[in-house]
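Grab the coordinates and work through a few exercises with me. Each one sets a task and then walks through the solution.

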Amino acid sequence: MPATTPPLGDLLASRLAALGAQLRARRKQLKVSATAAAESAGMSRVTWHRIERGEPSVTMGAWLGAIAALGLELALADPQQPAPEATAPPARIRVADYPQLRRLAWQLDEAAELTPQEALATYERNWRHVDVQALDERERALVQALAARWGGGRLLV
């Protein structure tokens, strides 16, 4: 028997519905079935569909499992604080200057340079091979700047 829905105002209900719609769009973008996504998140297909509909009675753990299964992260933002502006990425990105990019572009010469769009595509295509813990601040800032400028504000991984 499903849990009773906690009382929500219209604003919070619309935010949950928007989050569910974003998760559904991401799943579709990845061309993953709801059944496969639910299995990956360790939940039933019914719970997955309830998340995509933005139902508030779904546990926070299930929401976080769905977010993680799609390769995303949930970040909290203080609406009182202005969002930090990303610095513009360089016009040419030298592969050897960024250790994780070097790992991803192993077939290129160390002196090779990529356009920002090529670097973003390399990160996105091979993100599963990136050691996120090993990203230094400079490379992390580069990835954020690339995603902000050419990735619609997020890395499509």
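**Exercise 1. Work out whether Arg27 is buried or exposed, and which acidic side chain it pairs with.**

Step 1: The relative accessible area of Arg27 comes to 6% in this predicted model. The cut-off for buried is under 20%, so Arg27 counts as buried.

Step 2: Look for the partner. Arg27 and Glu52 meet through their side chains in a salt bridge, 2.6 Å from N to O.

Step 3: Place both ends. Glu52 sits in helix α3 and Arg27 in helix α1, 25 residues apart, so the pair links distant parts of the chain.

Step 4: Check the other end too. Glu52 has a relative accessible area of 9%, so this residue is buried as well.

**Exercise 2. Map the surroundings of Glu52.**

Step 1: Start with the helix. Glu52 belongs to α3, which covers residues 45-52.

Step 2: List the polar partners. Besides the 2.6 Å polar contact with the side chain of Arg27, the Glu52 side chain makes one with the side chain of Trp48, also listed at 2.6 Å.

Step 3: Skip neighbours within four places in sequence. What's left in contact with Glu52 is Gly20, Ala21, Leu23, Arg24 and Arg27.

Step 4: Pull in the charges. Glu52 shares a network of salt bridges with Arg24 and Arg27.

**Exercise 3. Go through two other salt bridges and say how buried their ends are: Arg50 with Glu55, and Glu113 with Arg92.**

Step 1: A search of the whole structure turns up 6 salt bridges.

Step 2: In the bridge between Arg50 and Glu55, the closest N and O atoms are 3.0 Å apart. Arg50 is buried at 15%, while Glu55 is partly exposed at 24%.

Step 3: For Glu113 and Arg92, the closest N and O atoms are 3.7 Å apart. Glu113 is in strand β2 (residues 113-114) and Arg92 is in the loop between α4 and β1 (93-94), so this bridge ties together parts 21 residues apart in sequence.

Step 4: Both ends are partly exposed: Glu113 has a relative accessible area of 41%, and Arg92 has 43%.

**Exercise 4. Find which residues of helix α4 are buried and what covers them.**

Step 1: Scan residues 60-69. The buried ones in α4 are Ala62, Trp63, Gly65, Ala66 and Ile67.

Step 2: Ask what lies over them. The cover includes α1 (10-29), α2 (34-41) and α3.

Step 3: Now try the surface. Met60, which lies in α4, joins Leu64, Leu74 and Leu76 in a nonpolar surface patch of about 440 Å².

Step 4: Check the backbone just past the helix. Gly71 has a positive phi of about 75 degrees there.

**Exercise 5. Locate the nonpolar cores.**

Step 1: Take the largest nonpolar core, with 18 residues; Ile93, Tyr123, Trp127 and Leu146 have the most contacts inside it.

Step 2: Trace the helices that feed this core. α5 (99-104), α6 (116-125) and α7 (137-150) each supply at least two residues.

Step 3: Look elsewhere. Apart from that core lies another, of 14 residues, including Leu23, Ala37, Ala38 and Ile51.

**Exercise 6. Find a residue other than glycine with positive phi, and decide whether it is buried or exposed.**

Step 1: Lys31 fits, with phi near 60 degrees.

Step 2: Lys31 lies in the loop between α1 and α2.

Step 3: Its relative accessible area is 76%, so Lys31 is exposed.

How values were computed. Residues are numbered from 1 along each chain as its sequence is written. This is a predicted model: local features need pLDDT of at least 70, side-chain atom pairs count only at pLDDT 80 or more; totals for chains, interfaces and linings use all residues. Side-chain values use heavy atoms; hydrogens and water are left out. A nonpolar core is a set of buried Ala, Val, Leu, Ile, Met, Phe, Trp, Tyr and Cys residues joined through side-chain atoms within 4.5 Å. Buried means under 20% relative accessible area, exposed over 50%, partly exposed in between (1.4 Å probe, protein chains only). Helices (H or I, at least four residues) and strands (E, at least two) are DSSP runs, numbered from the N terminus. A polar contact is a pair of N or O atoms within 3.5 Å; within protein, one must be able to donate a hydrogen and the other to accept it, and residues adjacent in sequence count only if both atoms are side-chain atoms. Contact means heavy atoms within 4.5 Å. Patches are made of residues with over 30% relative accessible area and no salt bridge: like charges are joined within 9 Å, nonpolar side chains (Val, Leu, Ile, Met, Phe, Trp, Tyr) within 5 Å. Accessible areas come from the Shrake-Rupley method with a 1.4 Å probe; for residues, only the protein chains shown count as cover. A salt bridge is a side-chain nitrogen of Lys or Arg within 4 Å of a carboxyl oxygen of Asp or Glu.
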